Amino acid sequence: MTTVSDKSLFVVFEGIDGSGKTTLINNVISLLSQERINSVSLREPTSGPHGKKIRSLLCMAEEPDANILLDLFMADRLEDASLNIIPALKSGNIVLLDRYYYSTAAYQSKNFSEAKDIINRNRSLNLPEPDILFFLDIDPDIAYNRVASREKNNNLECFETPTRLRLIDSIYREIIPDNTVAIDAALSPDETAKQVYMHIKDYIVP
Ligand code: TYD
């Protein structure tokens, strides 16, 4: 645990595409702000130069080179840590981060051993460790249907196949630490936000 300020809290959200992380984070921010608790929300890939490059590669018809992608995700994360995450924690903020190195391990690997290797590589970068890690627990087929209808409505068709999502989900479940907080993503948005909020409050209320 990297506690950079007494009041800071580093909260990470992980889960497959369609698990509802973005909605959940927005709802948690609203609940926190109702209590006048300031939070900073960040996401990876970032909107910085590496993040932009990553997003352009993710939607290519031809699959990008796995090693190039892995290096880009790690470079993006190092930059995110030094420019965004660490300064926000140092200022005593609650940082809510949408995806961290568990995403890289689950998405840029094909099996448990590759995933573990990616986790070790990320941990060797001296990145801040999450105080709380939330994992959105959802059936990959339901998540796939959510993303498919959302993307089709936006005329975008750039997303994982059901088989890929099932593999990513199974790797996630093998690599997340025992103290990860699983959130049932089939619950209503209000309920999932309330659960996350209660966990966060447990950390910040003395
Ligand atoms: P994004 O549009 O941010 O999706 P989401 O809202 O689901 O996070 O795209 C991020 C995509 O990048 C998502 O499909 C997961 C993938 N990704 C990786 O493959 N490796 C990583 O390390 C990270 C952070 C994301």
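Start by selecting Tyr172 and the residues around it. Leaving aside neighbours within four places in sequence, Tyr172 is in contact with Glu14, Gly15, Ile16, Arg99, Tyr102, Ser103, Ala106, Tyr107 and Phe135; contact means heavy atoms within 4.5 Å. This is a predicted model, in which local features need pLDDT of at least 70 and side-chain atom pairs count only at pLDDT 80 or more, while totals for chains, interfaces and linings use all residues. Residues are numbered from 1 along each chain as its sequence is written, and side-chain values use heavy atoms, with hydrogens and water left out.

**Stop 1: Tyr172**

Tyr172 sits in helix H7, residues 162–175. Helices (H or I, at least four residues) and strands (E, at least two) are DSSP runs, numbered from the N terminus. Is Tyr172 buried or exposed? Tyr172 is buried, with a relative accessible area of 0%. Buried means under 20% relative accessible area, exposed over 50%, and partly exposed in between, with a 1.4 Å probe and protein chains only. Now select Ile16 as well: Tyr172 and Ile16 are 156 residues apart in sequence, and their C-alpha atoms are 8.5 Å apart in space.

**Stop 2: Arg99**

Arg99 is one of the residues in contact with Tyr172. Select Arg99 in the loop between strand S3 (94–98) and helix H4 (101–107). Its phi is near 80°, a positive value in a residue other than glycine. Arg99 counts as buried, at 13% relative accessibility.

For a second positive phi, select Arg36, where the angle is near 55° and the residue is again other than glycine. Arg36 is in the loop between helix H1 (21–34) and S2. Arg36 is exposed, with a relative accessible area of 79%.

**Stop 3: Glu44 and Pro45**

Next, select Glu44, which is found in the loop between S2 and H2. Glu44 is buried, at a relative accessible area of 5%. Not counting residues up to four places away in sequence, Glu44 touches Arg77, Asp80, Ile85, Leu97, Asp98, Arg99 and Tyr100. Which side chain makes a polar contact with the side chain of Glu44? The partner is the side chain of Arg77, at 2.6 Å. A polar contact is a pair of N or O atoms within 3.5 Å; within protein, one must be able to donate a hydrogen and the other to accept it, and residues adjacent in sequence count only if both atoms are side-chain atoms.

Move one residue along to Pro45, in the loop between strand S2 (39–43) and helix H2 (49–58). The peptide bond from Glu44 to Pro45 is cis, with omega near 0°.

**Stop 4: the ligand**

Select the ligand and the residues around it. Of the 15 residues around the ligand, Asp17, Arg43, Arg99, Thr104 and Gln108 come nearest; a residue is near a molecule or strand if one of its heavy atoms lies within 4 Å of it. An N or O atom in the side chain of Asp17 is 2.7 Å from an oxygen atom of the ligand. For Arg55, an N or O atom in the side chain is 3.2 Å from a ligand oxygen atom. A polar side-chain atom of Lys21 lies 3.4 Å from an oxygen atom of the ligand.

Taken alone, the ligand exposes 550 Å², and the protein buries 85% of that. Accessible areas come from the Shrake-Rupley method with a 1.4 Å probe; for residues, only the protein chains shown count as cover. H1, H2, helix H3 (66–90) and H4 are the elements that give two or more residues to the shell around the ligand. The largest share, three residues, comes from H4.

**Stop 5: Leu83**

Select Leu83, in helix H3. Leu83 is exposed, with a relative accessible area of 58%. Then add Arg166: Leu83 and Arg166 are 83 residues apart in sequence and 34 Å apart in space, C-alpha to C-alpha.

**Stop 6: the whole chain**

Finally, select the protein chain, which has eight helices and five strands. Along the sequence, the pattern is β-α-β-α-α-β-α-α-β-α-α-β-α. The C-alpha trace spans about 50 × 35 × 30 Å along its principal axes. Buried residues make up 45% of the 206 residues in the protein chain. Among contacts between residues at least 6 apart in sequence, 79% join residues at least 24 apart. The chain exposes about 10,900 Å², and carbon and sulfur atoms supply 49% of it.
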